[in-house]
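Here is a walk through the salt bridges, one chain fold and the contact between two chains. Have the sequence and the 3D view open as you read.

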Amino acid sequence: MSSTYKPQQASDKNLEAMRKFAETYAKRTGTYFCSDLGTTAVVLEGLAKHKDDYGSPLCPCRHYEDKEAEVAAAYWNCPCVPMRERRECHCLLFLTADHPFAGTAQEISFEQIREETNRFTVS
Amino acid sequence: MSSALSVTDATFEEEVLNSDIPVLVDFWAPWCGPCRMVAPVVDEIANEYEGRVKVVKVNTDENSKVATDFGIRSIPTLMIFKGGQKVDILVGAVPKTKIEATLEQFL
């Protein structure tokens, strides 16, 4: 990532909400976090930041011309339609056991997330 | 030691479209998990292909115009440009061997 660009972290409240959602959803769907939990941490920070800024956890692994319109359309609000219909998550947050990047964890702590995402910010 | 240069809406034409050698562009966003996996691979490629391929990255959150103009949807997306034209595209956390094999076609 760029050495000069410093992305903003989400609020603690929404990060915790997304963390709990992700743990529950992984267990319910029989999916696992990435074997590299740093990837999981970054995605959860992105989802929570979108929830802060736009009211819904829009997927952080897409480019949108208009984020407000996308939130209203709901297709890419996590869990997105491809995930709900086919258990496909190109963000590598929820992986089926046979996915090459799948780990064995369905849990991640708040501290684990911030330990990773603090590396990218100044705050 | 070389690593991928950051390109913006303002510098894209000069750095990418007007380049004399093929360009690999990494479209990424800050809180995109798979982008974080691809970034070090892209930096390695910048070193290995120095002088033969120019490697740059575009933060799509900060440079929405370029990302939209080139139809970026899923990120990370890697695009290869040659002679000012988009010649290939790789979407997602693709392995290094796939990126190399794709690049070789345009050298």
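Which two side chains of A:Arg19 and its partner meet in a salt bridge? The partner is A:Glu16, and the N to O distance comes out at 2.8 Å. Keep in mind that this is a predicted model, and that the distances here are computed from it.

**The helix H1 cluster in chain A**

A:Arg19 and A:Glu16 are 3 residues apart in helix H1 (residues 12-29) of chain A, so about one helical turn separates them. Side chains of opposite charge can pair when their charged atoms come close. A:Glu16 also has a salt bridge with A:Lys20, where the closest N and O atoms are 3.9 Å apart. That second pair sits in helix H1 of chain A as well, with A:Lys20 and A:Glu16 4 residues apart, or about one turn of the helix. Put together with A:Glu23, these residues make a network: A:Glu16, A:Arg19, A:Lys20 and A:Glu23 are linked by salt bridges.

How exposed are the members? A:Arg19 counts as buried because its relative accessibility is 13%, under the 20% cut-off. A:Glu16 is partly exposed at 22%, and A:Lys20 is partly exposed too, with a relative accessible area of 49%. Across the whole structure, a search over all chains finds 18 salt bridges.

Here are three of those pairs side by side.

| Salt bridge | Closest N to O distance |
|---|---|
| A:Arg19 and A:Glu16 | 2.8 Å |
| A:Lys20 and A:Glu16 | 3.9 Å |
| B:Arg36 and A:Asp36 | 2.7 Å |

**Where chain B meets chain A**

The last pair in the table takes us to the interface. The side chains of A:Asp36 and B:Arg36 meet at 2.7 Å, N to O. This pair crosses between chains: A:Asp36 is in the loop between H1 and helix H2 (37-54) of chain A, while B:Arg36 belongs to helix H2 of chain B. A:Asp36 is partly exposed at 28% relative accessibility, whereas B:Arg36 counts as buried at 16%.

How many salt bridges does the rule find across the interface of chain B and chain A? There are 3. The rule also finds 9 residue pairs in polar contact across the interface, both residues being at pLDDT 80 or more. On the chain B side, helix H2 (33-48), strand S3 (54-59) and helix H3 (64-69) each supply at least two of the residues that touch chain A. H2(B) gives the largest share, 5 residues. By type, the chain B side splits into 12 nonpolar, 7 polar and 5 charged residues.

As for overall extent, 24 residues of chain B and 31 residues of chain A take part in the contact. About 2200 Å² is buried between the two chains, and carbon and sulfur atoms give 62% of that area.

**Two loop residues to click on**

B:Ser74 lies in the loop between H3 and strand S4 (77-82) of chain B. Is B:Ser74 buried or exposed? It is buried, with a relative accessible area of 13%. Its side chain makes a polar contact with the side chain of A:His90 at 3.4 Å. Leaving aside neighbours within four places in sequence, B:Ser74 is in contact with A:Cys61, A:Arg62, A:His90 and B:Val91.

B:Ala93 is in another loop, between strand S5 (85-91) and helix H4 (96-104) of chain B. With a relative accessible area of 24%, B:Ala93 is partly exposed. Again leaving aside neighbours within four places, its contacts include A:Leu92 and A:Phe101 from chain A, and B:Pro34, B:Val38 and B:Pro76 from chain B. The C-alpha atoms of B:Ala93 and B:Gly33 are separated by 9.3 Å, though the two are 60 residues apart along the chain.

**Chain B as a whole**

Zooming out, chain B has 4 helices and 5 strands. From the N terminus on, they run β-α-β-α-β-α-β-β-α. Residues 24 or more positions apart account for 70% of the chain B contacts with a separation of 6 or more.

What radius of gyration does chain B have? The value is 12 Å, which agrees with the figure near 13 Å for a compact globule of 107 residues. Along the principal axes, the C-alpha atoms fill a box of roughly 30 × 25 × 25 Å. Buried residues make up 50% of the 107 residues in chain B.

Note on methods
Residues numbered from 1 in each chain as written. Chains lettered and ligands numbered in written order. Heavy atoms only, no water. Contact = heavy atoms within 4.5 Å. Buried area = accessible area lost by both parts, 1.4 Å probe. Salt bridge = Lys/Arg side-chain N within 4 Å of Asp/Glu carboxyl O. Polar contact = N/O pair within 3.5 Å; in protein donor to acceptor, adjacent residues only side chain to side chain. Nonpolar A, V, L, I, M, F, W, Y, C, P; charged D, E, K, R; others polar. Rg over C-alpha atoms; globule rule 2.2 N^0.38 Å. Buried < 20%, exposed > 50% of the residue type's maximum accessible area, 1.4 Å probe, protein only.
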